[in-house]
Amino acid sequence: MLITTTPTVERRSIIHYRGLVTGEAIIGANIFRDMLASMRDIIGGRSRAYEQALEKARQVATDEMVERATTMKANAVIGVDIDYEVFGEGGMMMVSLSGTAVLLSGEIPQGKLPTTSE
């Protein structure tokens with residue numbers, strides 16, 4: 001499944017717009033407390049534990065969005081937007097993605113990227 005933040009895909013036409021697709025993942029406050037308790041990996045103001053938790057949440061939200069697009073018989077999601085939102089008194093964080101599921105013309109052969117001369 002092709003996922004892009006752009007509204008079009010070079011050298012491919014949109015055959016059909018399937019509709020809006022979303023994916024969400026929520027990280028609970030206890031995850032942050034657990035990470036704070038074991039924060040020994042802070043180097044230069046970055047925490048690998050936080051980064052890994054956000055990466056996991058982003059992947060879960062992306063997988064959910066792709067699953068919904070696949071159900072709609074799309075082969076791409078265009079115009080993808082990703083948002084992070086902190087809400088609730090407990091400090092919960094939500095990662096949400098949204099985009100437009102589409103059916104694109106043609107397929108790019110596996111392992112071969114198009115060049116400008118093709």
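Biologist: Which residue is the bridge partner of Phe-87 in β6?
Modeller: In this predicted model, Phe-87 has Met-92 in β6 as its bridge partner.

Biologist: And what is the partner of Val-86 in β6?
Modeller: Val-86 is matched with Met-93 of β6.

Biologist: How many bridges join β5 to β6, and do the strands run parallel or antiparallel?
Modeller: There are 10 bridges between β5, residues 76-87, and β6, residues 92-104. The two strands run antiparallel.

Biologist: In which sense do β1 and β5 pair?
Modeller: β1 and β5 pair in the parallel sense, over two bridges. Within that region, Leu-2 has Ala-76 of β5 as its bridge partner.

Biologist: What is the order of the strands in the sheet?
Modeller: The order is β1-β5-β6-β2, in an open sheet of four strands with mixed pairing. At the edges are β1 (2-3) and β2 (14-27), each of which pairs on one side only.

Biologist: What holds paired strands of a sheet together in general?
Modeller: Strands of a sheet pair through backbone hydrogen bonds, in either a parallel or an antiparallel manner.

Biologist: Turning to the surface, which residues make the nonpolar patch of about 240 Å²?
Modeller: Ile-26, Phe-87 and Met-92 make that patch. Phe-87 and Met-92 are the bridge partners discussed at the start, while Ile-26 lies in strand β2.

Biologist: Why can Ile-26 count towards a surface patch?
Modeller: Ile-26 is partly exposed, with a relative accessible area of 48%. A patch residue must have over 30% relative accessible area, so Ile-26 passes that cut-off.

Note on methods. Residues numbered from 1 in each chain as written. Predicted model: local features only at pLDDT ≥ 70, side-chain atom pairs only at ≥ 80, totals over all residues. Heavy atoms only, no water. Pairing = 2+ DSSP bridges. Patch = residues over 30% accessible without salt bridge, like charges linked within 9 Å, V, L, I, M, F, W, Y side chains within 5 Å. Areas by Shrake-Rupley, 256 points an atom, 1.4 Å probe, with all protein chains shown as cover. Salt bridge = Lys/Arg side-chain N within 4 Å of Asp/Glu carboxyl O. Buried < 20%, exposed > 50% of the residue type's maximum accessible area, 1.4 Å probe, protein only.
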